Amino acid sequence: MTATNSPTQSRKWLYLRRGSQIAFFLLFLLLFLKAEYGGQDQLAWPVDLFFRFDPLILAANLLTFSPMVWGLLWSLVFVALTLVLGRFFCGWVCPLGTTLDGCRRLLFSPRPDSGVALRWRRFKYYLLFFLLAGTLFSLNLVGLFDPLSLLYRTLALVFYPAFGYGVEKASLILYHLGEPFTYVSEPIYRLFKATVLPFKPLVYLLPFLTLILFGLLVAAERWDRRFWCRALCPLGALYALVARFSLLRRRPPVLCKDCQDCAAACKMGAFAEGLRKGGHGSMDYAPSTEPPPPTALLSRHLPAECQLCLRCQEECEKGRVSFTFGLKTPRAPLDLGRRQVITSVAAGVAMVPLVRLGSLARRPEEFLLRPPGAQDEGDFLARCVRCGECMKVCLTNGLQPVLWEAGLDGLYTPRLVPRMGYCAHSCNLCGQVCPTGAIPRLDLEVKQNTPLGTASLNRTRCIPYTEGADCLVCEEHCPVSPKAITFNEAEVLDLRGKKTLVKLPVVQPDRCIGCGHCEHVCPVGGEAAIRVKRSLRVEI
């Protein structure tokens, strides 16, 4: 297929590209919403579909020597398409790229690029090498910078809970106002509740940090269009390395001598200047077939940076620009600098001992509870890509993002916070949505017998021990059979100093699976009187 230079045909290709962006973005949102408990134990939608097509996650999975996740091999389809079409994923598919385009249109007035992204263009390659070098030694920080993980995590931790909270509050206000407002508000609320609102109100930790990081990406659009894609995105860098060998090429491969409109229209800055062969200094890019003056500057099209947005073809008033398939078109070499590449790889390797030898990384917090089946901390950190799917799908809102509790390399990995939500006995959704197997997909019966930790009673806070009054809450909610919490009857002093016979709760460690249900429902204010501990031994 060839994109011709007819004005009408050019507009059709442009509309097709925009339609593709919108369609994939809506699909991303749909799968995001479908990562939700819908009354069935098994999810009906492949909610991790976008992550299956992410070659950066596949590379991380291979380099950590983790058990192969066969679903990630679908990403090779996009790699193969990139060899044919070039870096089309960034311009036609990527939901984060579409989000940045939309934010720029809504928030910023059109202005020329500042040139900052052009000067930082090589940084995304160095970041890619840095991340992959660390991943080879099981320091997997890829998920912090992967665009799909970044967008999904931001939606899950910030915008979706805020949307749900806003709709709930607005509906409640209109309900109190009564008729005639409720004629409109109630049907809309019921529609939202049936389609897009979460199963229960959601609250997550780290919302402000997540929002600030995302806000910086959006703010960078004020400097340059697609600043993230041009200067920072490691997935874009991976696609760019492959796109250098693509069959689809722009013609002409250089800017026309009498026109520079393409350079102004290109939001990726996919043109670079270098001295032609015969000039003074080094030649960064391959020469043109036309004989130029010896010291003329060459503005050559770079397939590695082109997102196939086709804006240059649309803007060309003379109809010179087209995209055609061919093997003989000269390729612009990618000059990243040998020293800089070696430095980025060495920095990635050096980060491993710097992070892993930290005291926080060596001794995880006592109450750091991982999702079911993810109790091997080293293996879990090596495989988790911090996408946030498990936190989004958690039935009770108990899975929360980690800040420093697991060390520097544990940032944004999931942990169970029982005070916010317990691990439901009849739920194994987190294992169903994890794209890398960091949380294994366990059958429900196996999951119900997989301990997350062990409950521990603090008798200085427990009501029967301190107040001499019966409290049966923890035992009543314990989901295992036989119960992991039992009672011993004994006489204790009540608040008036009199002896009274009460039931004193006792934890049976051999039965406890550490689901946190008892801690969640404990009526003691603040820190619960019963808490689930990760382990009674120090982990090395």
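A residue is called buried when its relative accessible area is under 20%, exposed when that area is over 50%, and partly exposed in between. With this scale, the predicted model shown above can be read from its overall dimensions down to individual pairs of side chains.

The protein chain has 540 residues, of which 51% count as buried. Its secondary structure comes to 25 helices and 10 strands. The C-alpha trace spans about 105 × 65 × 35 Å along its principal axes. The chain exposes about 25900 Å², and carbon and sulfur atoms supply 63% of that area. Among contacts with a separation of 6 or more, 74% are between residues 24 or more positions apart.

Helix α3, residues 55-63, offers a view of the interior. Because 7 of its 9 residues are buried, α3 is largely enclosed by the rest of the structure. The buried residues are P55, L56, I57, L58, A59, A60 and N61. Their cover includes α2 (49-52), α4 (75-85) and α8 (123-135), together with α9 (142-145), α10 (147-177) and α14. At the N-terminal end of α3, D54 acts as a cap, with a side-chain oxygen 3.0 Å from the backbone nitrogen of L56. After the helix comes F65, whose phi is positive, near 55°.

The surface presents another picture. L83, V84, F245, L247, F325 and L327 make a nonpolar patch of about 530 Å². One of these residues, L247, is placed in the loop between α14 (234-243) and β1 (248-251). L247 counts as partly exposed because its relative accessibility is 31%, a value that falls between the limits of 20% and 50%. Another leucine, L213, belongs to helix α12, residues 207-219. Its relative accessible area is 43%, and L213 is therefore also partly exposed. L213 and V116 are 97 residues apart in sequence, and their C-alpha atoms are 19 Å apart in space.

Charged side chains connect several parts of the model. Side chains of opposite charge can pair when their charged atoms come close. A search of the whole structure finds 19 salt bridges. In one of them, the side chains of D101 and K267 meet with an N to O distance of 3.0 Å. D101 lies in helix α6 (residues 95-107) and K267 in the loop between α15 (261-265) and β2 (271-275), so the pair ties together parts that are 166 residues apart in sequence. Both D101 and K267 are buried, which means that each has a relative accessible area under 20%.

A second salt bridge joins E405 and R415, with the closest N and O atoms 3.4 Å apart. E405 is in the loop between β5 (399-401) and β6 (414-416), while R415 is in strand β6, and the two are 10 residues apart. The partners fall into separate classes of accessibility: E405 is partly exposed because its relative accessible area is 22%, whereas R415, at 10%, is buried.

A third salt bridge leads to the strand β10. Here the side chains of E519 and R531 meet at 3.7 Å, N to O. E519 lies in helix α25 (residues 517-521) and R531 in strand β10, so this pair ties together parts that are 12 residues apart in sequence. E519 is buried, with a relative accessible area of 5%, and R531 is partly exposed, with 22%. Elsewhere, R87, K124 and E305 are joined into one network by salt bridges that share partners.

The setting of R531 becomes clearer when strand β10 is followed along its length. In a regular strand the side chains alternate between the two faces of the sheet. Strand β10, residues 530-533, shows this alternation: I530 and V532 point to one face and are buried, while R531 and K533 point to the other and are not. Strand β10 also pairs with strand β7 (residues 454-457) in the antiparallel sense, over 4 bridges. Within this pairing, R531 is the bridge partner of S456. R531 thus takes part both in a salt bridge with E519 and in the pairing of β10 with β7.

Methods
Residues are numbered from 1 along each chain as its sequence is written. This is a predicted model: local features need pLDDT of at least 70, side-chain atom pairs count only at pLDDT 80 or more; totals for chains, interfaces and linings use all residues. Side-chain values use heavy atoms; hydrogens and water are left out. Buried means under 20% relative accessible area, exposed over 50%, partly exposed in between (1.4 Å probe, protein chains only). Two strands pair if DSSP finds at least two bridges between them. Patches are made of residues with over 30% relative accessible area and no salt bridge: like charges are joined within 9 Å, nonpolar side chains (Val, Leu, Ile, Met, Phe, Trp, Tyr) within 5 Å. Accessible areas come from the Shrake-Rupley method with a 1.4 Å probe; for residues, only the protein chains shown count as cover. A salt bridge is a side-chain nitrogen of Lys or Arg within 4 Å of a carboxyl oxygen of Asp or Glu. Contact means heavy atoms within 4.5 Å. A polar contact is a pair of N or O atoms within 3.5 Å; within protein, one must be able to donate a hydrogen and the other to accept it, and residues adjacent in sequence count only if both atoms are side-chain atoms.
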